[in-house]
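Colleague: I should be grateful for a guided reading of this model. May I put my questions one at a time?

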Amino acid sequence: VEVVEFGDYKCPICADWNKLVFPQLKTDFIDNGVINFSFINYPFISKDSNLAALASEVIYKTHKNAFWKFQEQIYLKQEDETTTWATPDKLANIAKSVIPDLDEKQFKEDLYKKETMKQVANDVAIANHYGVEGTPTIFVNGKAVENPSYESIKAAIDAELNK
């Protein structure tokens, strides 16, 4: 069963979802291999959203094993969605907190590489293809789950497992 989250690192509802729902999904379904879980950037709130998405792509490409920890930290350190907070310095500090030996200079340079920007643009294209209009949006085996609550997602997963 494939479960996909479309998220925006500036979205306060995404931060809550990652704090409250994701850990339960991880324990019940991801850790034991029942589902494959993917995250796709849908940075729609502001330019900050896009920079944070670029940072996540850099971490995924250069330190794949630290990606989920980085994502958790970026949501924990999220500030008000109306302020500009996802700066290169702050994102580098968050990355350094999970990757102590991070080359900050290289990380900041990688944020603006064409390859990184193309990956985020691809994510947005996927979101647009599937009609994503907000975050968090969850898909289970290609079908949108109406409500991103644990119960709704679990029900969709269970239905797929029982096919």
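Modeller: Please do; helices (H or I, at least four residues) and strands (E, at least two) are DSSP runs, numbered from the N terminus. The model is predicted, so local features need pLDDT of at least 70 and side-chain atom pairs pLDDT 80 or more, while totals for chains, interfaces and linings use all residues. Residues are numbered from 1 along each chain as its sequence is written, and side-chain values use heavy atoms, without hydrogens and water.

Colleague: In which loop does Asn141 lie?

Modeller: Asn141 has a positive phi, near 45°, although the residue is not a glycine. Its relative accessible area is 32%, and Asn141 is therefore partly exposed (buried means under 20%, exposed over 50%, partly exposed in between; 1.4 Å probe, protein chains only). Its place is the loop between β3 and β4 (143-144).

Colleague: Which residue does a cis peptide bond join to Thr135?

Modeller: The omega angle of this bond is about -5°. The partner is found in the loop between α7 (114-129) and β3 (137-140). The residue joined to Thr135 is Pro136.

Colleague: What is the order of the strands in the open sheet?

Modeller: The sheet holds four strands with mixed pairing, where two strands pair if DSSP finds at least two bridges between them. β2 (36-41) and β4 stand at the edges with a single partner strand each, so one side of each has no neighbour in the sheet. The order is β2-β1-β3-β4.

Colleague: Which residue of β2 is the bridge partner of Val4?

Modeller: Strand β1 (residues 2-7) and β2 run parallel, and six bridges join them. In β2, the partner of Val4 is Ser38.

Colleague: How many salt bridges does the structure hold?

Modeller: A salt bridge is a side-chain nitrogen of Lys or Arg within 4 Å of a carboxyl oxygen of Asp or Glu. Some of these contacts join into a network, which links Lys143, Glu160 and Lys163. The number of salt bridges in the structure is eleven.

Colleague: How many residues apart are Asp89 and Lys108?

Modeller: Their side chains meet in a salt bridge, with N to O at 2.4 Å. The pair links distant parts of the chain, since Asp89 belongs to helix α5 (residues 88-98) and Lys108 to helix α6 (residues 104-111). Asp89 is partly exposed at a relative accessible area of 47%, and Lys108 is partly exposed at 26%. The separation along the chain is 19 residues.

Colleague: What separates Glu109 and Lys105 in helix α6?

Modeller: The two side chains form a salt bridge of 2.9 Å, N to O. Glu109 is partly exposed at 39% relative accessibility, whereas Lys105 is exposed, with a relative accessible area of 60%. Because they are four residues apart in helix α6, what separates them is about one helical turn.

Colleague: How far apart are the closest N and O atoms of Lys154 and Asp158?

Modeller: Both residues belong to helix α8 (residues 150-161), where they are four residues, or about one helical turn, apart. Lys154 is partly exposed at 32% relative accessibility, and Asp158 is partly exposed at 24%. Their salt bridge brings the closest N and O atoms to 2.7 Å.

Colleague: Which backbone nitrogen does the side chain of Asp123 reach?

Modeller: Asp123, in helix α7, is buried yet has no salt bridge, and the nearest side chain of opposite charge, Lys118, is 12 Å away. Lys and Arg count as positive and Asp and Glu as negative, while His and the chain ends are not counted. Beyond its neighbours within four places in sequence, Asp123 is in contact (heavy atoms within 4.5 Å) with Ile40, Asn41 and Glu57. At 3.1 Å, its side chain reaches the backbone nitrogen of Asn41.

Colleague: How many aromatic pairs does a search of the whole structure find?

Modeller: Rings of Phe, Tyr and Trp (its six-membered ring) pair if their centres lie within 6.5 Å; planes under 30 degrees apart count as stacked, over 60 as edge-to-face and the rest as tilted. Ring pairs link Tyr9, Trp17, Phe22, Phe37, Phe39, Tyr60, Phe67, Trp68 and Tyr75 into a cluster. The search of the whole structure finds 13.

Colleague: At what angle are the ring planes of Trp17 and Phe22?

Modeller: Both Trp17 and Phe22 are buried. Their ring centres are 6.2 Å apart, and the pair is tilted because the planes stand at 40°.

Key. A polar contact is a pair of N or O atoms within 3.5 Å; within protein, one must be able to donate a hydrogen and the other to accept it, and residues adjacent in sequence count only if both atoms are side-chain atoms.
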